[in-house]
Each structure stands twice: as C-alpha cells, then as structure tokens.
Amino acid sequence: QIVKIVRKYTDISISDIKKRINNQEFIMSCDHIDDEMIKQIINLYRELSKEDVPCLLYENDRETTCEILENLLQMHKEIDEEIERENEREVNEFEEN
C-alpha cells in the first residue's frame, strides 16, 4: 500500500522505494525553491498520514511540519507577487519617460 501511494508522487522504482523505506532514507527531496515539488511532498505526507503510515518531513536536515512548508510556499508566492509589482512599476516609469 505504501509503495503504491509513493508511486503516485514519484518515478522512483518500486525496489528503490522499498530499499529507502527499509533504510529509513528520504523517499523524496527537493530544493527549497521548487514549489511544485514541495507541494508534492506535502501531498504525499498527508496521504501517507491518512493511512497511519509513520513518516517525517525535513527541511535543511531538521524535522519540520506541513504548516512550515506551506508558509514557505506562501512566502515564495508573496515574493513573486512583489517582484511582479516592482516590474510593472518599472515598466510604467520607463513608459512615462
């Protein structure tokens, strides 16, 4: 059951998933700026948790929570929006001159 759930979120081979689980290794990992992968990891965590599978989330080698990862995603979104507003402001200033 666990492997079936994990396979929905990653292309890792079944044998590799089993090996990682048995060795208590990370099943999935990503860069802290990869929003789509962070979302996938959160979704996997939640789905495994619903099945009462004990699992942990880590950020920078420290245990973390979905809430913290979701806050990270929100921060990325806010930064992107701020950059977009700044770009629009610069374009408008350029066009005015």
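Contact, in this note, means heavy atoms within 4.5 Å. With that in hand, here are some points on this predicted model, offered in a friendly spirit.

1. Let me start with helix α1, where Val3 is found. Val3 has a relative accessible area of 16%, and since buried means under 20%, Val3 is buried. Leaving aside its neighbours within four places in sequence, Val3 is in contact with Ile14, Ile17 and Lys18. For Lys18, there is also a backbone figure: its C-alpha lies 7.2 Å from that of Val3, with their positions 15 residues apart in sequence.

2. Next, the largest nonpolar core, which has 19 residues. Which of its members touch the most others? They are Met28, Ile38, Ile42 and Leu44. Two or more residues come from each of α1 (2-7), α3 and α4 (66-96). The element that gives the most is α3, with 5 residues. As general background, nonpolar side chains tend to be buried together in soluble globular proteins.

3. Leu44 deserves a look of its own, being one of those core members that touch the most others. Not counting residues up to four places away in sequence, Leu44 touches Ile5, Val6, Tyr9 and Met28. Met28 is thus a partner of Leu44 and also belongs to the group that touches the most other core members.

4. Now the packing of α3 and α4. Two packed helices are described by the angle between their axes and the distance between the axes. For this pair, the angle is about 155° and the axes are 10 Å apart. Angles over 145 degrees count as roughly antiparallel, so α3 and α4 are roughly antiparallel to each other. The crossing in which α3 passes α4 is left-handed.

5. Which residues make the contact between these two helices? From α3 come Asp35, Ile38, Lys39, Ile42, Tyr45 and Arg46, and from α4 come Cys66, Leu69, Glu70, Leu72, Leu73 and His76. The residues of this contact divide into 7 nonpolar, 1 polar and 4 charged. Ile38 and Ile42 take part in the helix contact, and both are also among the core residues that touch the most other members.

6. Two residues in loops caught my eye for their backbone. Asp52 is not a glycine, yet has a positive phi of about 60°. It sits in the loop between α3 and β1. Asp52 is exposed, because its relative accessibility is 70% and the cut-off is over 50%. Asn60 also has a positive phi without being a glycine, with a value near 50°. Its place is the loop between β1 and β2 (62-64). The relative accessible area of Asn60 is 58%, so Asn60 is exposed. You may like to look at both loops in the model.

7. Leu56 belongs to the loop between α3 (35-50) and β1 (57-59). Not counting residues up to four places away in sequence, Leu56 touches Tyr45 and Glu63. Tyr45 is a residue of α3 that also takes part in the contact with α4. In contrast to these touching partners, Lys77 has its C-alpha 25 Å from that of Leu56, at 21 residues along the chain.

8. Is Thr64, in strand β2, buried or exposed? Its relative accessible area is 10%, so Thr64 is buried. Leaving aside neighbours within four places in sequence, Thr64 is in contact with Leu57, Tyr58, Glu59 and Leu69. Leu69 is also one of the α4 residues that meet α3.

9. Finally, two residues of helix α4: Gln74 and Arg85. Gln74 counts as partly exposed because its relative accessibility is 36%. Between the C-alpha atoms of Gln74 and Phe94, 20 residues apart along the chain, there are 30 Å. Arg85, at 47% relative accessibility, counts as partly exposed. How far is the C-alpha of Arg85 from that of Tyr58? The separation in space is 32 Å, for residues 27 apart in sequence. Tyr58, for its part, is a contact of Thr64.

Key:
Residues numbered from 1 in each chain as written. Predicted model: local features only at pLDDT ≥ 70, side-chain atom pairs only at ≥ 80, totals over all residues. Heavy atoms only, no water. Helix = DSSP H or I, 4+ residues; strand = E, 2+ residues; numbered from the N terminus. Core = buried A, V, L, I, M, F, W, Y, C linked by side-chain atoms within 4.5 Å. Buried < 20%, exposed > 50% of the residue type's maximum accessible area, 1.4 Å probe, protein only. Axes fitted to C-alpha atoms, helices over the stretch in contact; angles between N-to-C directions. Parallel < 35°, antiparallel > 145°, perpendicular 65-115°, else oblique. Left-handed = near helix turned anticlockwise from the far one by under 90°. Nonpolar A, V, L, I, M, F, W, Y, C, P; charged D, E, K, R; others polar.
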